[in-house]
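This report describes one protein chain, moving from its overall make-up to a sheet, its aromatic rings and its charged side chains. Please keep the sequence and the structure in view while reading.

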Amino acid sequence: METRLELDVLIYPDEVRVATPEDLRQWDLETASQVSIPTVRLFVALYPYNPAAMSPNPDTAAEELPFVPGQIIKVFGDKDSDGFYHGESGGLSGYVPSNMVAEVPVDDEYLKHVLMQQGFLPVDHAGMSLTPELSDAGSIREDVIVRRMVALFDYDPWENSPNIDSEAELGFRSGDIIYVLGDMDQDGFYFGDLHGRRGLVPSNFLQPLPWS
């Protein structure tokens, strides 16, 4: 019986030699580093979108992703030249119009997983929009830094607070937009404003939002 021996050979300008196991490992590492892995980000739908009725591209509407306000969408990579992302949600995948969604800047992989499992991030409570105005802005000193943050989870100070003086804290719901005034204190709390109510809010329940 004829036996064949297959070898990997490296060809250089001045030599030809058999590849060693170390050569092959290095080759695999270099090849893997050249593979582009799309960046995964989370977005929340701001408006309802029915591609069949609303798509600006009727011929490709079937390739677009339908969604409802508050739906969490996993987006891969950047938007294309037509202003569409490619994303998935609820077991479906397709193109997503960038002007109908907003990014939820979550870097923690566990929080990403929790939000995807949750599936929705409420964007409208009692008629309030995703970007409510900061109440009584004139009462804030000019040297105080104001940040917009979104609540990732519900928070009831009476049930969730680690502090005895929980009456100084602010309760909120997942999806609420909270204006944070100043820096975090030594206990990990911000002072926040929510629809005219002010109080302490736990930093680990919030994620920053860009100003729109």
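## Overall make-up

Among contacts in the chain between residues at least 6 apart in sequence, 57% join residues at least 24 apart. The model is a predicted one, and its chain holds four helices and 12 strands. Of the 212 residues of the chain, 37% count as buried, while the accessible surface comes to about 13,700 Å², with 53% of that area belonging to carbon and sulfur atoms.

Leu92 offers an example of a contact across the sequence. This residue is found in strand β6, which covers residues 92-97, and Leu92 is partly exposed, with a relative accessible area of 48%. When its neighbours within four places in sequence are left aside, Leu92 is in contact with Leu65 and Gly87. From Leu92 to Glu64 the C-alpha to C-alpha distance is 9.6 Å, although the two are 28 residues apart in sequence.

## The five-stranded sheet

Five strands form an open sheet in the order β11-β10-β9-β8-β12, with antiparallel pairing. Strands β11 (197-202) and β12 (206-209) stand at the edges and each has a single partner strand, so one side of each is left without a neighbour in the sheet. From one strand to the next, the twist averages 45°.

At one edge, strand β8 (residues 146-151) runs antiparallel to β12 and is joined to it by four bridges; within this pairing, Val150 stands opposite Gln207 in β12. At the other edge, strand β10 (residues 189-194) pairs with β11 in the antiparallel sense over six bridges, and Leu194 stands opposite Arg197 in β11. The strands β10 and β11 form a hairpin with two residues between them, and His195 in the turn has a positive phi of about 50°.

A salt bridge also involves this part of the chain: the side chains of Asp193 and Arg198 meet with 2.7 Å from N to O. Asp193 is buried, with a relative accessible area of 1%, whereas Arg198 is partly exposed, at 31%.

## Aromatic pairs

A pair of aromatic rings is described by the distance of the centres and the angle of the planes. The count for this structure comes to six aromatic pairs. One of them is formed by Tyr49 and Phe67, which are stacked, with 5.4 Å centre to centre and 25° between the planes. Tyr49 lies in the loop between β3 (40-45) and α2 (51-54), and Phe67 in the loop between α2 and β4 (72-76), so the pair ties together parts that are 18 residues apart in sequence. Both Tyr49 and Phe67 are buried.

The rings of Tyr155 and Phe205 have their centres 5.0 Å apart and their planes at 70°, so this pair is edge-to-face. Because Tyr155 lies in the loop between β8 and α4 (157-160) and Phe205 in the loop between β11 and β12, the pair ties together parts that are 50 residues apart in sequence. Tyr155 counts as buried at 4% relative accessibility, and Phe205 is buried too, with a relative accessible area of 18%. Tyr155 and Phe205 belong to one aromatic cluster, together with Phe153 and Phe172.

## Salt bridges

Side chains of opposite charge can pair when their charged atoms come close. A search of the whole structure finds five salt bridges, including those tabulated here.

| Salt bridge | N to O distance |
|---|---|
| Asp78 and Arg41 | 3.6 Å |
| Glu103 and Arg41 | 3.2 Å |
| Asp193 and Arg198 | 2.7 Å |

Which residues are linked to Arg41 in a network of salt bridges? They are Asp78 and Glu103. Asp78 forms its salt bridge with Arg41 at 3.6 Å between the closest N and O atoms, and this pair links distant parts of the chain, with Asp78 in the loop between β4 and β5 (84-89) and Arg41 in strand β3, 37 residues apart. The side chains of Glu103 and Arg41 meet at 3.2 Å, N to O; this pair too links distant parts of the chain, Glu103 being in strand β7 (residues 101-103) and Arg41 in strand β3, 62 residues apart.

The three residues differ in how they are covered: Arg41 is buried, with a relative accessible area of 18%, Glu103 counts as partly exposed at 29%, and Asp78 is exposed, at 65%.

Technical notes:
Residues are numbered from 1 along each chain as its sequence is written. This is a predicted model: local features need pLDDT of at least 70, side-chain atom pairs count only at pLDDT 80 or more; totals for chains, interfaces and linings use all residues. Side-chain values use heavy atoms; hydrogens and water are left out. Two strands pair if DSSP finds at least two bridges between them. Axes are lines fitted to C-alpha atoms, for helices over the stretch in contact, and angles run from 0 to 180 degrees between N-to-C directions. Buried means under 20% relative accessible area, exposed over 50%, partly exposed in between (1.4 Å probe, protein chains only). Contact means heavy atoms within 4.5 Å. Accessible areas come from the Shrake-Rupley method with a 1.4 Å probe; for residues, only the protein chains shown count as cover. Rings of Phe, Tyr and Trp (its six-membered ring) pair if their centres lie within 6.5 Å; planes under 30 degrees apart count as stacked, over 60 as edge-to-face and the rest as tilted. A salt bridge is a side-chain nitrogen of Lys or Arg within 4 Å of a carboxyl oxygen of Asp or Glu.
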